[in-house]
Amino acid sequence: MDLISLYYFSELAKELHMTHTAERLFISQQTLSNHIRRMEEELGVPLSISVPSSLSLTLAGELVLSFAQKVGRDYGRLQDALSDIEGQERGMLKMGASMVRLNACLPEILPDFTRRYPQVEIRVTDAISSRLEPLVLDGSLDFAIVLSGTENPQLHSSHLIHDQLYLCVSDRCLRRYYGDDAEALKEKAENGAFVQDFEKLPFCMMTNRMGQMLQNCFNEAGVIPHVFSKSSYSQLGMSICNRGLAACAASQMNLAGQLEQMSEDVSIFPLRGKQGLLSLPLSLIQMKDRVLPLYARFFLKLLIQYFFRVEQTPVIRLGKSGEEEMKTGA
């Protein structure tokens with residue numbers, strides 16, 4: 001039983017579908033099947049059984065999977081240690097986060113990282129927090145950015161940021177729906193915006209965790225939002241807001257890298273619910289007993305520096321009205 005067979009078996013166990021796994025590994029289904037069959041012949045026990053449309057692991061298969069995952073982690077640690085001993089500056093770094101967070105942090109980190117480690121391949125996995133934790137546990141990821149950390153005793157969790165949520169709305173949109181009351185509304189919301197004060201506005205709603213928190217604010221206030229659009233992509237909402245068509249919610253991470261692209265007439269207010277200002281607690285998780293190679297530790301250093309800069313970036317502002325912009329331009 002060799003390392004490649006153990007690897008193929010652990011990959012098969014992730015989705016328990018021979019064809020899909022073979023396609024994902026870029027091998028033939030027959031090759032994958034042969035590896036599994038040889039393992040079963042060597043061990044003298046069946047590792048899986050067929051069920052409708054998929055496979056199911058036997059008790060022996062569960063034990064072999066646990067062994068295969070441990071071997072995979074140990075082999076990864078050995079490679080990391082040898083890389084540092086030999087002074088190698090090549091390898092692979094596997095990181096997981098939501099696409100929104102990957103889009104926000106990687107462009108800021110990669111220039112410095114690739115200058116230092118140009119031969120390190122970076123593989124990213126876009127997934128929600130609940131799906132990322134198992135991937136860190138089985139060694140598919142070196143680390144991941146998740147919501148609210150973890151309680152798993154095998155994982156180490158480091159706080160990164162309380163990612164503050166904000167309400168963004170252009171002066172054009174406010175005046176269209178609130179007329180002469182727009183300026184007073186902006187001043188009232190500067191220290192915290194309640195959605196019920198903006199209930200006349202159309203909103204870009206999201207289907208992710210931030211969207212759930214915004215919807216909860218409406219529910220608490222007993223208000224049904226006027227939905228302009230619904231998407232899991234926060235950048236879409238910010239683009240629509242920038243054009244003066246609707247309001248949107250955005251996080252500190254979203255805004256820190258996008259302020260220069262936002263129209264000067266867009267106001268940005270802290271979003272407030274019944275329990276106070278709203279934020280998303282982000283943490284970095286990794287295996288406790290995993291010693292990362294030097295290049296991975298350098299990447300984490302850059303990542304932590306990035307989140308510190310984001311947290312220190314001021315984003316609250318009152319957008320300039322059309323009249324103010326004309327005066328400034330004059």
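Me: How many helices and strands does the protein have?

Reply: This is a predicted model. The protein has 13 helices and 13 strands.

Me: What box do the C-alpha atoms fill?

Reply: Taken along the principal axes, the box is roughly 80 × 50 × 35 Å.

Me: How do I read burial and surface here? What share of the residues is buried?

Reply: Burial rests on relative accessible area, and under 20% counts as buried. Of the 330 residues, 46% meet that mark. The protein exposes about 17100 Å², and carbon and sulfur atoms supply 52% of that area.

Me: And sequence separation: what percentage of the contacts join residues at least 24 apart?

Reply: Take contacts between residues at least 6 apart in sequence. Of these, 75% join residues at least 24 apart.

Me: How far apart are the mean positions of the positive and negative charges?

Reply: They are 1 Å apart, for 33 positive and 39 negative charges.

Me: Now a helix. Which residues of α6 are buried?

Reply: Start with the general idea. An α-helix has 3.6 residues a turn, so residues three or four places apart point the same way. Helix α6 covers residues 129-137, and its buried residues include S129, L132 and V136. L135 and L137 are buried too.

Me: What happens just after α6?

Reply: G139 takes a positive phi there, about 85°.

Me: Which residues make a nonpolar surface patch?

Reply: A patch residue needs over 30% relative accessible area and no salt bridge. Here L3, Y75 and L78 make a nonpolar patch of about 280 Å². L3 sits in helix α1, residues 3-15. L3 passes the accessibility cut-off because its relative accessible area is 45%, which counts as partly exposed.

Me: On to charges. How many salt bridges are there?

Reply: The rule asks for a side-chain nitrogen of Lys or Arg within 4 Å of a carboxyl oxygen of Asp or Glu. By this rule the count is 12.

Me: Where do R37 and E41 lie?

Reply: Both are in helix α3, residues 29-43. They are four residues apart, about one turn of the helix. They form a salt bridge, with the closest N and O atoms 3.6 Å apart. R37 is partly exposed at 37% relative accessible area. E41 counts as exposed at 57%.

Me: Is D171, the partner of R175, buried or exposed?

Reply: D171 counts as buried, at 2% relative accessibility. R175 is partly exposed at 34%. Their side chains meet in a salt bridge of 2.7 Å, N to O. Both residues lie in helix α7, residues 171-178, again four residues apart.

Me: Which residue does K188 meet in a salt bridge?

Reply: K188 pairs with D197, at 3.4 Å from N to O. K188 is exposed, with 54% relative accessible area. Elsewhere, salt bridges that share partners join E11, K14, E15 and R24 into one network.

Me: Last case, R101. Which side chain of opposite charge is nearest to this residue?

Reply: D163 is nearest, 4.9 Å away. The salt-bridge limit is 4 Å, so this pair does not qualify. R101 is buried yet has no salt bridge. This residue lies in helix α5, residues 99-116.

Me: Which residues is R101 in contact with, leaving aside neighbours within four places in sequence?

Reply: R101 is in contact with I145, L147, M253, L280 and L282.

Notes: Residues numbered from 1 in each chain as written. Predicted model: local features only at pLDDT ≥ 70, side-chain atom pairs only at ≥ 80, totals over all residues. Heavy atoms only, no water. Helix = DSSP H or I, 4+ residues; strand = E, 2+ residues; numbered from the N terminus. Buried < 20%, exposed > 50% of the residue type's maximum accessible area, 1.4 Å probe, protein only. Contact = heavy atoms within 4.5 Å. Areas by Shrake-Rupley, 256 points an atom, 1.4 Å probe, with all protein chains shown as cover. Lys, Arg positive; Asp, Glu negative; His and termini not counted. Charge placed at Lys NZ, Arg CZ, Asp CG, Glu CD. Patch = residues over 30% accessible without salt bridge, like charges linked within 9 Å, V, L, I, M, F, W, Y side chains within 5 Å.
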